[in-house]
Amino acid sequence: MSANAGLLLGCAFWFLAYAGNWVAAGELGHQQAKVVKPPIEPMIPAAPQSSNPTASQDSPGRGLSLFLSNGCGACHTIRGTEARGTIGPDLSHVGSRTAIGAGVLPNTEEAFARFVARPDLFKPGVKMPAFDVLPQTEIQTIARYLKALQ
Amino acid sequence: MPGSRTESGTTSSNATAEEDAARVANQPIMIHLKHVVFGAIGLPVFLLLAAWIGFFNVGASSGHWKVTAWFLQLAMRSAVRTYALAVDAPKTLDRRGLPAAAGHFARGCAICHGAPGELRSPAVLRMLPQPPDLALTVGDWTDAQLFRIVKHGIRFTGMPAWPARDRDDEVWAMVAFLRELPKLSPNEFRALAINGSDVTSSDRQPATPDVLSDCMRCHGGDGEGRSDTVPALAGQKEAYLLASLQAYAKGDRTSGFMALPVTGIAPDEMAALARYFATLSPASGEQDQIPAEVINGGRQIAEAGIPERNVPACAGCHIGSDKNPIYPRLDGQHAAYLEQQLKLFRSESRGGTPFWRIMATAAQRLTDDDIRAVSAYFSKRAEDAQQLR
């Protein structure tokens with residue numbers, strides 16, 4: 001019993017004697033750990049690029065060209081254009097409807113923009129994916145184009 | 001005379017006798033409890049104290065005690081065997097991923113596990129445990145067990161888990177490669193792993209960074225992809241290539257094969273790589289024999305979609321030079337790659353550019369047959385390749 005106690009006591013003294021060194025070593029290790037930086041520099045998320053750089057900002061056809069270049073025509077028809085999709089509603093005269101999104105939104109340019117960005121927020125179970133990955137200015141341009149389809 | 005007292009039969013002496021009996025009976029239990037208490041509290045405290053004062057040597061120089069090594073081996077092998085029971089191994093391994101897997105092995109695994117014709121570093125040989133030379137030991141494991149080890153790694157050994165959690169297809173490609181490894185000569189291994197990267201510096205454009213050789217291991221010097229599961233990059237849209245590299249670097253698109261080479265590439269190098277591959281001549285389409293009705297079914301989906309199942313036409317985003325440049329062109333792309341990606345989109349295991357969710361929405365409405373047909377169609381399609389560039 002006394003031998004065990006002696007061993008423990010010895011260990012305790014030994015520990016106290018070396019504790020200072022350990023703390024110092026620990027701090028050193030900590031500093032080294034701090035120096036190591038992650039190999040990848042933090043990526044700045046790429047600003048959404050204009051999806052159709054050829055169309056100029058204010059040309060009247062820009063809304064339609066954004067509509068087509070982003071694939072909307074695969075689901076929607078707008079008569080007189082290349083958009084001949086049949087999955088979603090025909091939008092040929094969508095600007096003259098009384099309401100949009102199955103009646104939950106007023107027929108305004110702003111409502112079009114909100115619906116295009118996140119249709120799921122207004123129409124549960126909607127088949128259309130969200131296009132909020134497009135730059136806001138492009139969504140606004142598409143909305144202005146849709147509102148003008150009388 | 002204790003004997004006569006118990007025989008006397010009086011109530012008071014009876015009680016004493018019962019107490020005695022109880023004391024005698026309790027005695028072994030008391031000792032037993034002491035052991036339990038010591039075991040439950042004292043032993044952990046003792047071990048904790050021993051660890052705290054630094055009794056246990058963590059140096060790797062002297063190796064494990066024999067009993068520790070034996071126990072760790074037993075636990076490791078048993079755990080791999082047991083957990084591999086839940087792995088659903090294919091009957092035959094898909095060999096189409098061999099070049100990519102070999103390239104990954106050369107870059108990520110060979111430093112510890114050795115490769116045909118390459119000596120391992122003395123530092124690696126002093127690791128504890130010493131990483132096995134896989135060419136010699138891979139035969140000890142079944143396919144399912146190898147899958148388990150490659151996918152999840154092994155604790156306390158330094159064996160890491162696969163860098164991408166949702167990419168079982170890549171892990172199976174590694175297993176297929178590991179099966180080949182013992183049969184490979186040094187030359188065969190080099191041909192399989194790094195054949196595509198031996199481009200001379202004169203072939204390169206001045207702005208192309210050195211990391212290009214890493215790309216070429218799998219995508220080939222011509223950018224056409226060295227196997228059917230590796231995408232052809234030649235002639236792909238630059239915006240899509242750049243956004244994809246950024247997505248790999250950020251972890252938005254997961255792949256163990258891409259995670260290693262994409263690490264540490266500077267943003268301007270990424271842009272240079274995207275530009276380089278975008279300017280190469282695009283793939284000319286695959287020569288495989290695919291039944292005409294499959295191709296025609298694929299064309300139908302690509303050009304008109306499947307309206308009754310709400311599948312939009314692929315052409316709406318992927319055919320024509322006037323489409324958003326972040327939408328990739330698919331003409332001449334490998335069918336096996338397209339199939340794999342569509343299935344990953346369908347299970348929402350594939351991110352990518354910020355637009356990935358739009359593709360996932362469409363892919364979720366496709367059956368396996370649809371995916372096969374439409375992938376075959378695009379792999380053959382090349383007529384307006386020049387127009388798309």
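This passage describes chain B of a predicted model, its confidence, its fold and its contact with chain A.

The model is predicted. Its overall scores are ipTM 0.74 and pTM 0.77. For chain B, the mean pLDDT is 87. A score of at least 70 is reached by 85% of the residues. Confidence is not even along the chain. Helix α7(B) has the highest value, at 97. Helix α19 (residues 385-388) of chain B has the lowest, with a mean of 40. Two stretches fall below a pLDDT of 50. One covers residues 1-9 of chain B, where the model shows four contacts beyond near neighbours in sequence. The other covers residues 384-389 of chain B, with ten such contacts.

Chain B is built from helices, 19 in number, and has zero strands. The chain holds 389 residues, and 36% of them are buried. Contacts between residues distant in sequence were also counted. Of the contacts in chain B with a separation of 6 or more, 74% join residues 24 or more positions apart.

One helix pair was examined in detail. Helix α3 of chain B spans residues 66-83, and helix α7 of chain B spans residues 143-152. Their axes lie 8 Å apart, and the packing angle is about 110°. Angles of 65 to 115 degrees count as roughly perpendicular, so α3(B) and α7(B) are roughly perpendicular to each other. On the α3(B) side, the contact is made by V80(B), R81(B) and Y83(B). On the α7(B) side, Q145(B), R148(B) and I149(B) take part. By class, this contact comprises three nonpolar, one polar and two charged residues. Helix α7(B), one partner in this pair, is also the helix with the highest confidence in chain B.

Chain B also touches chain A. The contact involves 24 residues of chain B and 23 residues of chain A. Three helices of chain B each supply at least two residues to the side that touches chain A: α11 (238-250), α15 (315-318) and α17 (356-363). Helix α11(B) gives the most, with five residues. By class, the side of chain B that touches chain A has twelve nonpolar, eight polar and four charged residues.

How values were computed. Residues are numbered from 1 along each chain as its sequence is written. Chains are lettered from A and ligands numbered from 1 in the order in which they are written. This is a predicted model: local features need pLDDT of at least 70, side-chain atom pairs count only at pLDDT 80 or more; totals for chains, interfaces and linings use all residues. Axes are lines fitted to C-alpha atoms, for helices over the stretch in contact, and angles run from 0 to 180 degrees between N-to-C directions. Helices (H or I, at least four residues) and strands (E, at least two) are DSSP runs, numbered from the N terminus. Angles under 35 degrees count as roughly parallel, over 145 as roughly antiparallel, 65 to 115 as roughly perpendicular and the rest as oblique. Two residues are in contact if their C-beta atoms, placed from the backbone, lie within 7 Å. Ala, Val, Leu, Ile, Met, Phe, Trp, Tyr, Cys and Pro count as nonpolar, Asp, Glu, Lys and Arg as charged, and the others, Gly among them, as polar. A residue is buried if 20 or more other C-beta atoms lie within 10 Å of its own, exposed if 12 or fewer, and partly exposed in between; C-beta atoms are placed from the backbone. pLDDT is the predictor's confidence in each residue, from 0 to 100.
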